[in-house]
Amino acid sequence: QVQLVESGGGLVQAGGSLRLSCAASGSFFSVNAMAWYRQAPGKQRELVAVITSGGKPNYADSVKGRFTISRDNARNTMYLQMNSLKPEDTAVYYCKGTFTAASRKVYDYWGQGTQVTVSS
């Protein structure tokens, strides 16, 4: 079993910054790609950013130039630095990880989510 725990959410004014963390723990052979998603009230969950095991990032157009995804493979932790936040960034942010088990089967796991609220 794998657990993903997000932290770092909160309330911030427009133009401010927050840094989210997602720590993975449990039993697994390796961590593959990891990603941040978000879901605003009444909207579908959307991909914010993804990072490969080698550290290559990709971003949704809506956050390019403002958000930075990174990971520390030694600590099995992923980060999302969010700058120049806008009210439309308000959502519950979820981390997702793709893990290879000792059996070499591949599984996706999700964190419980952390609320980010940006006030205008």
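Which residue in E8 does Cys22 stand opposite? Cys22 stands opposite Met78, in a predicted model where local features need pLDDT of at least 70, side-chain atom pairs count only at pLDDT 80 or more, and totals for chains, interfaces and linings use all residues. Residues are numbered from 1 along each chain as its sequence is written, and side-chain values use heavy atoms, with hydrogens and water left out.

**Sheet**
- Four strands (DSSP runs of E, at least two residues, numbered from the N terminus) form an open sheet in the order E1-E3-E8-E7 with antiparallel pairing, where pairing requires at least two DSSP bridges between two strands.
- Strand E1 (2–7) and strand E7 (67–72) are the edge strands, each pairing on one side only.
- Within this sheet, strand E3 (residues 18–26) pairs with strand E8 (residues 77–82) in the antiparallel sense over six bridges.

**Disulfide**
- One disulfide is found in a search of the whole structure, the term meaning a pair of cysteine sulfur atoms within 2.5 Å.
- Cys22 and Cys95 form this link with their sulfur atoms 2.1 Å apart, and it joins distant parts of the chain, since Cys22 lies in strand E3 and Cys95 in strand E9, 73 residues apart.
- The link of Cys22 and Cys95 is right-handed, with 55° about the S-S bond, and both residues are buried (under 20% relative accessible area, with a 1.4 Å probe and protein chains only).

**Nonpolar core**
- The largest nonpolar core (buried Ala, Val, Leu, Ile, Met, Phe, Trp, Tyr and Cys residues joined through side-chain atoms within 4.5 Å) has 29 residues, of which Trp36, Leu80, Met82 and Tyr93 touch the most other members.

Note on methods: Buried means under 20% relative accessible area, exposed over 50%, partly exposed in between (1.4 Å probe, protein chains only).
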